[in-house]
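Visitor: I have a structure to look at and some questions about it. Can we go through them one at a time?

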Amino acid sequence: MNNKKEFVEKLLKEMTLEEKIGQMVQYGKLNDEIKDKIRQGKVGSLLNVQGAKTVNELQKIAVNETRLGIPLLIGDDVIHGYRTTFPIPLAESCSWDLDLIQKSASIAAKEAKSCGVNWIFAPMVDIARDPRWGRIAEGAGEDHYLGAEIAKARVKGFQTLENEYPLTASCPKHYVGYGAVIGGRDYNNVDMSENYLKTYYLPPFIAAYEVGALTTMCSFNDLFAVPLSVNKKVLRGILREELNFNGLVVSDWESVEESIYHRVSKDRKEAALKGLLASCDIDMHSGVYDDNLKQVVEEHPELIELIDEAVYRILSVKYDLGLFENPYVDEELHKQVILHPEHRKHALEVAKRSIVLLENKNGILPLKDTNQTIALIGPYANDQENHLGCWSCKGAKEDVISIYQALATNLKKTKILVESACDINGQNLDLDKAIETAKHCDIIILALGEPRYYSGENNNRMNLNLPGFQEKLVEEIVKLNKPVIALIASGRPLTIGNISEKVDALVWTWHLGIEAGNAIYEVLFGLTNPSGKLTVTFPKHIGQIPLYYNHKSTGRPNFPRYIDGDDKPLYPFGYGLSYSHFYYSNLKLKKEVISKEEVLEFTIDVTNNGPYAGEEIVQVYFQDHFASVTLPVKQLCAFTKVYLEPLETKTVHFTISPNQFGLYNENNEFVIEPGTFTLYVGSNSVKVISHDFSIKE
Ligand code: GLC
């Protein structure tokens, strides 16, 4: 096969206008009408198509029954696993383990590809600071540096090479600023400066494109007062011209047409025109391109150039995926791939590292398997389905190991009493049953949390407490004066200060996927020393939102923030306990003054003061003391994970590119400004040791 450019240009030359427009059309349903459109060369991609057999049938129509035989892109929302369901992305981000995260994406791509999917609408890389927003569950939290590193890992995973071609095309989404919807209300307006956009929200997208993401998806929201799907400044201007992204852009579901409801397109024809002008290459499901682009080009013949550009990008992705070589899938393959034991094993490895230990008073954890009775009480005690979380693709509840199943299977001496006490919404509370169960035990484990559908698309909340009467349940249980361990499952941070002060231990289990029960068992009984660290700030009160660690300086940093409270979090970014105590010392810089072209090199000693072996996520932050623009008070710029035996010390080396210390100036240009800085190294964004350095002219 000759090279891509020659191949695609040759094919493009042979295409009619109708066939070109057909490549820009995507539908999210399958029926005879859509099959006929495929046959007429009027559809270039599909989503929500199930199974290798069906996909092969559709590819045969596209390849054998159309004039030019151009294969289809088949997309799906494989957000945290295809059938083998991993922790929700926000949970997995708390592992800070880029290798494990990349492997999750690679396994997901392998399972998806075996079922005919060749395009994954992920990773979601939206920076999110508002836990009221349901989609905070889908991303990697509030920090743009960590978000960028995780975006790279997920893109590389989804685009794992197999037989020289990427398994699937990734699709970093939702370009851009979607996580800043006003009020945490999904689909709402977004309003921010270009400086904010480039400082906080663009970096994960830039990182994803740098590692070769083949596609990207634009978001529902407006930015600079124009909906992204028809936004020339942000799509054609920033994405194409400034960032040189040459991959294809797909709209979000019907978002080109929705420019009408944003009231910036007066009808579907204008929506199609504006989408084309903005360089939104594929219209997902609304049909505005299908119905109007031909007329648009007939009225504006010069726009055929933009059609050719868009179709070139689409055909290039199909070429990069090897679809022109072979668009078909081995219809037996999925039987060996789906839910492979190695996939389940990985699900456990990543789930146990996604758990965050928030409280462990008097070292009540880890528990021992001895002659004791444990009362496992709460809606998550034996629940399976809700550990799947939102956007669980083909995940099935029967694949999930519940907490009760894991404890009952693995504990030999401990007796387990189990009682749900209320439903997953916290309703129908049967306090008598709960108390009766709890009375006859030595230790109480409360398994609480949000149902899976409390987070995810447009599942936004006005308050962040535990649903229903779960807090009442906690209140009554702690009156028994027995040791109480609270496990909380959620798709977001919750305001649980009133609980964290009452219980002896607090373990955040998010929605951990199919190995939830086993991961929780391993952490509770010390087979795994918890290492997860929060990637999103836990506010004390909903009134503090948005609350994030890397906020910018103000002119009155020490003024009281509220007459009825403060702006301190319940748990800060980067926070998470271990069963061991890690001690940081000997922060040594190779050079305390560097030029703008030099890396900053330093070492830090990390000691595990015991008593257990464990993994520690060493975090590196910095502050630029003065600059031409306001800057975050602190910024993450590096991290690594070290494994230490009890009493072991390791000297950890860091080399940081000077670009990490750059900023966007008042002209929104990226620059490195000389000056003095402070380096912070530690176990979270607050508990750090520091050392000053400077960057000279
Ligand atoms: C949805 C989501 C997007 C998803 C797409 C296709 O509305 O916003 O993340 O990929 O539509 O399902």
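Visitor: At what angle do helix H7 and helix H9 pack?

Guide: This is a predicted model. Helix H7 covers residues 144-158 and helix H9 covers residues 203-210. Their axes are 8 Å apart, and the packing angle is about 30°.

Visitor: Is H7 roughly parallel or roughly antiparallel to H9?

Guide: The helices H7 and H9 pack at an angle of about 30°. Angles under 35 degrees count as roughly parallel. The crossing of the two is right-handed. With that angle, H7 is therefore, relative to H9, roughly parallel.

Visitor: Which word describes how H1 and H13 lie to each other?

Guide: Helix H1 (residues 4-14) and helix H13 (residues 304-320) have axes that come within 10 Å and cross at roughly 130°. Their crossing is right-handed. An angle over 145 would count as roughly antiparallel, and 65 to 115 as roughly perpendicular. The angle of H1 and H13 fits neither range, so the word is oblique.

Visitor: Which residue has a side chain with an N or O atom 2.6 Å from an oxygen atom of the ligand?

Guide: The shell around the ligand includes Lys173, His174 and Glu457. For Lys173, a side-chain N or O atom is 2.8 Å from a ligand oxygen, and for Glu457 the distance is 3.0 Å. The value of 2.6 Å belongs to His174.

Visitor: How much of the accessible area of the ligand does the protein cover?

Guide: A side-chain N or O atom of Glu457 is 3.0 Å from an oxygen atom of the ligand. On its own, the ligand has 310 Å² of accessible area. Of this, the protein covers 92%.

Visitor: How many residues of the shell around the ligand are charged?

Guide: The surrounding residues include Leu47, Phe121, Trp253, Asp77 and Arg135. Six residues of the shell are nonpolar and one is polar. The number that are charged is five.

Visitor: Which residue does a cis peptide bond join to Ile545?

Guide: Most peptide bonds are trans. The bond after Ile545 is cis, with omega about 0°. Its partner is found in the loop between helix H20 (516-524) and strand S18 (582-589). That partner is Pro546.

Visitor: What is phi of Ser279 near?

Guide: Most residues other than glycine have a negative phi. Ser279 sits in the loop between helix H11 (268-278) and strand S11 (283-284). Its phi is positive, with a value near 75°.

Methods:
Residues are numbered from 1 along each chain as its sequence is written. This is a predicted model: local features need pLDDT of at least 70, side-chain atom pairs count only at pLDDT 80 or more; totals for chains, interfaces and linings use all residues. Side-chain values use heavy atoms; hydrogens and water are left out. A residue is near a molecule or strand if one of its heavy atoms lies within 4 Å of it. A polar contact is a pair of N or O atoms within 3.5 Å; within protein, one must be able to donate a hydrogen and the other to accept it, and residues adjacent in sequence count only if both atoms are side-chain atoms. Accessible areas come from the Shrake-Rupley method with a 1.4 Å probe; for residues, only the protein chains shown count as cover. Ala, Val, Leu, Ile, Met, Phe, Trp, Tyr, Cys and Pro count as nonpolar, Asp, Glu, Lys and Arg as charged, and the others, Gly among them, as polar. Axes are lines fitted to C-alpha atoms, for helices over the stretch in contact, and angles run from 0 to 180 degrees between N-to-C directions. Helices (H or I, at least four residues) and strands (E, at least two) are DSSP runs, numbered from the N terminus. A crossing is left-handed if the near helix is turned anticlockwise from the far one by less than a right angle, and right-handed if clockwise.
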